[in-house]
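Let's work through some labels together and ask what earns each one. Have a look at the structure first, then follow the questions.

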Amino acid sequence: MSERMYPGLTQEERTGFAPYSAFDIPADLRELHGRYDVEATALRVRNFRYAEEWMVMMMGGWVATIPEIPVKTGLGKVIWETAQAADELGKRLPELRCGRKSLEASEAPNTAFADFIQEVSNPETPDLTIEKLSGVFDVLIPHLVEIYEMHNRETDAICDAPTIEILEHMVRRKRQHIQWGQEVLDALCDDDETQQRRRDRANQLSGLLKESGGVTGVLETGQASLN
Amino acid sequence: MKRFIDHEELARDSRFIRQDAAQANVISSLPDDVETVVNVFEQFGPIIEAGVRGTSAEPLFEELGPGFMLTVLNEPLDPDAPAAVPRLLLRMHGIFVGELQALEGAARSLWDFPDAPWEFKMNMARQCWDEARHLQIFEKLLVHLGGHVGMYPESTFLFEACCSEDPAMRVAGVNRGLEGLACDVFRDMIRFANKTGDEVMKQAVDYVLADEITHVRFGSEWVKEFTKDNPEHLKRTQDFRREVDKRFSFGGARSDREDAAIPIAREDRLEAGFTEEELQELSEISGVGPSKKTLSEAAQILRDRYHETRKAQQEGASS
Ligand SMILES: [Fe+2]
Ligand SMILES: [Fe+2]
């Protein structure tokens, strides 16, 4: 054989591997297995999008009612990045056989979760920055990060890779949002009374979230706590 | 959280001083008559004075009397003119609070119109981030020029004038009226920075202007979309925008007139989707109002009378 086609094919190369195996390292050990079929993933993506879209809207509503300028400007960035997340999820839906017009589709898993979202958005007056931010940055976003990461562990790593890619990127940004929110809340809650307000708000909402079953309505088994 | 808020509900921290919006509204509806202008400002004198006490505008009031905004608004920014620095800072501070209200207007559109198309929400969300950055930029520029947040009173009349409860009118007011005004002001600031050789200000404002053109474009597109198939709605929306444009012309201070303090940024507005007809119309709307000569004469009378009254009061107190 004169023409070199694969490494290890000629005498001089002296490799013990079978010819084709040189391209196969490391071997793909993933298995075709996932907890969600196309329909289930599509529903979950609509659920995720519901939470993201409502976060965009409620944070938008709050900007004018929050007196602290750095919170207004910080929220501006979080709003845009959250909108991008909702947009990416929407673009995934037509790929999951939801139809070409499904880009804007979002769906609450149940009325209890929809009620929970309305409760998160409830605080209105300028003296309630702690209650506003605690709902989103202590409870809702950490819950979403937990569920998105769980989805990525449990869905089919090859078949549903496009969803995984979207969620991985979202999780990276959400961790930055949580960090920003915690820093702001730590600064705002600088005495016993404000710290208690923050805890009360987080506990109240965590309770409602748990009762609703979370963003997908079915809190996955094996979770010791929500956050 | 309720939908739609009043401009008086905009939340501010303790640095801010709120100004009665009446003054700005009055300025936009003055006739071309010296005596009337003087009378109006004398009538509003106590309110104007109360609004500036304890702020960095107090020296301007002391110097020019209740008509100080006439001078500030109608004379182009000139680095060599008297009181150039306080006037520059007053304009910068005005821009800063304008950005703040633009951020609040765009953000409220996300909450006030929950059933709007997703693409609209994406545009408004992007605008939130842009306006948030503009706020940060203008706070830095304010400090760069020696000022600080809260040094002048804030009038929330921009939000008041343009935040309609109708989505088409909201974008017409915020994204075409307010953002269009921003284009005019920023083009003027770039000219000023060129004159003073301030590269920091020139580059920063140039970037901001690029963002604003995008925001005006959002407005141009969404007015069309929200009013398509409804010519009557489009007409009402255009009427609303005309009203906003008139209020934002400050009696001709922002106009195509030769003596305008802030000229209309024609090229920028064309790029942002304004038509030639609309610009012609804006030119007509904004040019109506007292002439610069009228305002200069009125400002002079107000200044003289203020100093005479002060002098009489001081003499009365000492005798
Ligand atoms: Fe802006
Ligand atoms: Fe803008």
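Q: What makes B:Glu131 a bridge between the iron ion (ligand 2) and the iron ion (ligand 1)?
A: In this predicted model, B:Glu131 coordinates both ions, which are 3.2 Å apart. A donor has to be an N, O or S atom within 2.8 Å of the metal. B:Glu131 (OE) is listed for the iron ion (ligand 1), where the protein donors lie 1.9 to 2.8 Å away. B:Glu131 (OE) is listed again for the iron ion (ligand 2), at 1.9 to 2.7 Å.

Q: Which other residues donate to the iron ion (ligand 2)?
A: Besides B:Glu131, they are B:Glu179, B:Glu212 and B:His215, the last through ND1. Along the chain, the donors follow the spacing E-x47-E-x32-E-x2-H. B:Glu179 sits in helix α8 (residues 167-196) of chain B and B:His215 in helix α9 (residues 199-227) of chain B, so this pair ties together parts 36 residues apart in sequence.

Q: How do you know whether B:Glu131 is buried or exposed?
A: Buried means under 20% relative accessible area. B:Glu131 has 0% relative accessibility, so B:Glu131 counts as buried. B:Glu99, a donor of the iron ion (ligand 1), has 3% and therefore counts as buried too.

Q: Why is A:Glu193 called exposed?
A: The label exposed needs over 50%. A:Glu193 comes out at 57% relative accessibility, so the label fits. A:Glu193 belongs to helix α6 (residues 192-212) of chain A. With A:Asp190, A:Asp191 and A:Asp192, A:Glu193 gathers in a patch of negative charge on the surface.

Q: What makes the pair A:Arg35 and A:Glu154 a salt bridge?
A: A side-chain nitrogen of Lys or Arg must be within 4 Å of a carboxyl oxygen of Asp or Glu. Here the closest N and O atoms are 2.9 Å apart, and the pair forms a salt bridge. A:Arg35 lies in the segment before α1 (38-63) of chain A and A:Glu154 in helix α4 (residues 129-154) of chain A, so the pair ties together parts 119 residues apart in sequence.

Q: Why does B:Arg53 count as partly exposed?
A: Partly exposed covers values between the 20% and 50% limits. B:Arg53 has 32% relative accessibility, so B:Arg53 falls in that class. B:Glu58, with 23%, is therefore partly exposed as well. The side chains of B:Arg53 and B:Glu58 meet in a salt bridge (2.6 Å, N to O).

Terms used:
Residues are numbered from 1 along each chain as its sequence is written. Chains are lettered from A and ligands numbered from 1 in the order in which they are written. This is a predicted model: local features need pLDDT of at least 70, side-chain atom pairs count only at pLDDT 80 or more; totals for chains, interfaces and linings use all residues. Side-chain values use heavy atoms; hydrogens and water are left out. Patches are made of residues with over 30% relative accessible area and no salt bridge: like charges are joined within 9 Å, nonpolar side chains (Val, Leu, Ile, Met, Phe, Trp, Tyr) within 5 Å. Accessible areas come from the Shrake-Rupley method with a 1.4 Å probe; for residues, only the protein chains shown count as cover. Lys and Arg count as positive and Asp and Glu as negative; His and the chain ends are not counted. The place of a charge is taken as NZ of Lys, CZ of Arg, CG of Asp or CD of Glu. Helices (H or I, at least four residues) and strands (E, at least two) are DSSP runs, numbered from the N terminus. Buried means under 20% relative accessible area, exposed over 50%, partly exposed in between (1.4 Å probe, protein chains only).
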